[in-house]
Amino acid sequence: MSKLKPEDLERIAGPSAGGITKITVHMGTCGIAAGAEKIKDLLLAHISEKEPADVVLSTSGCAGLCSREPMMTVERRGEAPVRYVDLTGDKIRKIFDTHVLGGNVVEECVLPEVAEIGFFGKQQPIVLKNRGLIDPGNIDEYIARNGYRGMAKALTTMKPEDIIGEIKDSGLRGRGGAGFPTGKKWELCRKTHSDIRYIICNGDEGDPGAYMDRSIIESDPHAVVEGMVIGAKAIGASHGYVYLRSEYPLALRQLEQATEDAREYGLLGDDILGTGFNFDISIHRGAGAFVCGEETSLIASLEGRPPEPKIRPPFPVESGVWGKPTAINNVETWASVPQIILNGAAWYSDIGTETSKGTKVFSVVGNVKNTGLVEVPMGITLREIVFDIGGGIQNDKAFKAVQTGGPSGGCIPESLLDLPIDYEKLSEVGSIMGSGGMIVMDENTCMVDVARYFLDFLRGESCGKCSSCREGTEVMYEILTAICEGRGKPEDIDLLIEIAGAVKAASLCGLGGTAPNPVLSTIRYFRDEYEAHISAGRCPAGVCKSLINYRIDEEKCKACMLCVTTCSVSAIRGEAKQPQRIDPEVCMKCGACSEVCKFDAVIVE
Amino acid sequence: MNDTKTVGSVLVIGGGIGGMQSALDLADSGFKVYLLDSAPAIGGTMASLDKTFPTNDCAMCVMSPKLVECGRHLNIEIITWADVESVRGEPGHFSVKLVHHPRYIDVAKCTGCGLCVANCPVRNIPHFDRDAGLPELKEEDSKRITGILGRRKGQRGPLVSVLQDINDEYHYLPEDLLRHVAHHLEIPLSEVFSLATFYNAFSLTPRGKYTIQVCLGTACHVKGAPRILDALERELGIRAGQTTGDRLFSLEAVRCLGCCGLAPVVTVGGDVFGEVTQAGIPAILAEYRKAVEVENVEIKA
Ligand SMILES: Cc1cc2nc3c(=O)[nH]c(=O)nc-3n(C[C@H](O)[C@H](O)[C@H](O)COP(=O)(O)O)c2cc1C
Ligand code: FES
């Protein structure tokens, strides 16, 4: 491969061979987990058996609708692409024979229109515009969809100040959590006097329940690379680091492949696109610590030091990696940059609300019907996301809350569902935007247990430097555990609020500073649940083991004996063909019986 | 001078928690106290402890008030960075000769801001006996570790990468290797251990052939992941963080595998399983048990 010049990009993007049928299997980590590998093998077998002409089998990253995985898209010449969901071996045979070879769409396997419109209709893909459409391992496919065009524009026609100006005008704010204006960060970094500057892509995605960074890198790694080159030009950086979470092996492979390909094409390395600009990227693997997502401790980890946060100032833009000015941005932030440069600041700032521009990717997960990644304009309401895009609550249960912002965020109750989402609105109600996790909870979720869960997470991840954070999270966890086990005291709620205030005020980094949010927001909106645990000794949602009992509804039990064979401690007994009974003395409340019962006969109370 | 009249001053040797307390008690009873320590500062070992037996009190919280009090007490004179050379005399009339080590810093002017510490170019002085005490390695281990260290040569801040490489090859961090790493990279062993124990990806005990990761992320939590973990613990007869007796499975709880759409998620040896139920667990494990049996049969054949 030879190095490219700007005009070569047009050539690669030009009309390709055309006139072929393209089958794309969506193989992100989620797709593979659902069995996409098998689907691909089956398709390959069919192709080699029938040897059809002009059929291309390709793979891509996640298509977004994780709950209907495995998925594939079939695109015949001149026809609209058709999305097939919930694939199995039989379905593949049928689709292959009827659609790929015969040209007739297999309607029963297609994603129904209602779901298609609901899930995809309200989305506005900018960062995710290539998801499921290109093979992430093939740089030509990225270039064919306008890839590296923004970079070419920035390198050939814009001065660094222009690029920064454009990003500032677009109103882009950091997608990693705090929402600091990206243009301003770059400007500060550029203004710091130094011979060397660095940029970092923060791919440590520690927020449990959010996975947009993984998905972006797995399905469109070149967008991140392109964004980083543009940023490097604007800031005057010569080297970039990508800090990638250790739990994401596939993303690591895709990104390594992408940087290698870009280097061969002369899109990375020395003399990029023949413009004389030098910039390269190295990838650094994390080792599993939530606090490493925090920028100063990420830098420490990158340098091989113990990842403890530092006092700011100096901010990384003044003194970052190896003491040099460093601009650190989130994966999604970097991936937004090429589109802004290509389409202009005005186009981007047209989308969104007064203070928050553009689109944001959310991972809508938990007890909703359609789980997956959605990219929506800022200012959309929570109700639209949960009920229109998410399709409502699973098994038609009642909605209880939606948790945003991960361990630093809070739970938002039903009364605030019509809240338009942007950075300010979310913090007003005691949560944060965070990295975009959105965990929907139904009536069977206990809010005290959720608060306890987050504190358990945080006490394990606190680096231990500040005693307020280290001891405070521990004590709050102990109090919450006591409440969940029915040992709570009436004054505990006020004590929690008091400790929360101290932890917030006295901790150095954002981990401690936001650690009390899950506790405070659940107390604020669900105080009655805390009180039920403490004064009535009852867990209204039926989650906290010490406060519940399992019972079989004799009316509903059909004596199918499924639960009897499932129970690992033989706590379920009864006569054959008669309703069964759970012996509360033996039962260890694992809930396996209620999972297997087909008649909803197991009651939790 | 009357030889039987005793002098009202006391020398306390050692400025740890015991020395400080003795000095304070004596000073409060009206004696002039010289508090001596061979380290550059008083405080001793307690400062490096996290908690103290039996009350679990935080060590620093116990000792810092005493440090301050010793510093301020008008009856206490602190002499640090000095050793006792000789003691002469008898009870009531001792004279002690001290050797004061050079400090190179004007104590009267130093404010303890710590800037000089951060800026001193000499770092990472190994605090253990350089060559003595390095464990013998098997030839194969020695080759592997040399290979790993060679690959990372010249990389700035290589420690985490080296540990990751060892972890990739051995699935855990053998202590002997860590000692060699510390030696070769000239990094204090304590720092190597502080990283090795900080990150979740590292384990200091051997792991089984397959690592089972149970996601306890938020999305998985609300979909019943804790029950899945309980069920796996029962099925395997081990707790999270442990390895089965036959070294086949290690069980780990992790926070989010990035497949939240398929919650609850479990991985076995890197293979991802989505929407796992308690009832489905035996079937998943059986596959891996079978794979190993097949392997064993092949080896025997
Ligand atoms: C405890 C903690 C964890 C964080 N985790 C992440 C993370 O996983 N990913 C991320 O991009 N930013 C994370 N951040 C935010 C970063 O410190 C930093 O603000 C961000 O990477 C800046 O990029 P942005 O301006 O593009 O948002 C975390 C912050 C804190 C305090
Ligand atoms: S929460 Fe379990 S995979 Fe994300």
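## Domains, sheets and a pocket in a two-chain model

The domain assignment divides chain A into five parts: domain 1 (11-117), domain 2 (146-349), domain 3 (359-442), domain 4 (447-535) and domain 5 (549-604). Please keep in mind that this is a predicted model. In chain A, the C-alpha centres of domain 1 and domain 5 are 43 Å apart. For chain B, the assignment gives domain 1 (9-118), domain 2 (139-198) and domain 3 (210-300). Here the C-alpha centres of domain 2 and domain 3 of chain B are separated by 29 Å.

### The four-stranded sheet of chain A

Let us start with an open sheet of 4 strands in chain A, ordered β2-β1-β3-β4 and mixed in its pairing. Why is one side of β2(A) and of β4(A) left without a neighbour in the sheet? Both β2 (55-60) and β4 (82-84) of chain A are at the edges and have a single partner strand each, so one side of each stays unpaired in the sheet. From one strand to the next, the twist averages 20 degrees.

Strand β1 (residues 21-26) of chain A runs parallel to β2(A), and 6 bridges join the two. Within this pair, Ser58(A) in β2(A) is the residue opposite Thr24(A).

Two helices pack on this sheet. Helix α3 (residues 36-50) of chain A touches β1, β2 and β3 (72-75) of chain A, and its direction makes about 170 degrees with that of β2(A). Helix α4 (residues 89-101) of chain A touches β1, β2, β3 and β4 of chain A, with its direction at about 15 degrees to that of β3(A).

### The five-stranded sheet of chain A

Another open sheet in chain A has 5 strands in the order β7-β8-β6-β5-β9, again with mixed pairing. Its edge strands are β7 (269-272) and β9 of chain A, each of which pairs on one side only. The twist here averages 25 degrees from one strand to the next.

In this sheet, strand β5 (residues 198-203) of chain A and strand β6 (residues 239-244) of chain A run parallel and are joined by 6 bridges. Asn202(A) has Tyr243(A), in β6(A), as its bridge partner. Helix α12 (residues 249-264) of chain A packs on the sheet and touches β6 and β8 (277-285) of chain A; the directions of the helix and β8(A) make about 160 degrees.

### A hairpin in chain B

Chain B offers an antiparallel pair: strand β6 (residues 82-90) and strand β7 (residues 93-100) of chain B are joined by 8 bridges. In β7(B), Lys97(B) is the bridge partner of Ser86(B). The two strands, β6(B) and β7(B), form a hairpin with 2 residues between them, and Gly92(B) in the turn has a positive phi of about 100 degrees.

The strand pairs described above can be set side by side.

| Strand pair | Direction | Bridges |
|---|---|---|
| β1(A) and β2(A) | parallel | 6 bridges |
| β5(A) and β6(A) | parallel | 6 bridges |
| β6(B) and β7(B) | antiparallel | 8 bridges |

### The second largest pocket

The second largest pocket has a volume of about 1100 Å³. Which residues lie closest to its centre? Of the 41 lining residues, these are Gly176(A), Gly177(A), Ala178(A), Gly293(A) and Glu294(A). Elements giving two or more residues to the lining are α9 (182-191), β9 (326-330) and α21 (510-514) of chain A. The largest share, 5 residues, comes from β9(A), which is also an edge strand of the five-stranded sheet. By class, the lining of this pocket contains 13 nonpolar, 18 polar and 10 charged residues.

Note on methods: Residues numbered from 1 in each chain as written. Chains lettered and ligands numbered in written order. Predicted model: local features only at pLDDT ≥ 70, side-chain atom pairs only at ≥ 80, totals over all residues. Heavy atoms only, no water. 1 Å grid on protein atoms, 1.4 Å probe; cavity = no way out; pocket = protein on both sides within 12 Å on 5 of 7 lines; lining within 4 Å. Points joined across faces, edges and corners; volume = space filled by probe spheres on them. Nonpolar A, V, L, I, M, F, W, Y, C, P; charged D, E, K, R; others polar. Pairing = 2+ DSSP bridges. Axes fitted to C-alpha atoms, helices over the stretch in contact; angles between N-to-C directions. Contact = heavy atoms within 4.5 Å. Domains from an automatic or database assignment.
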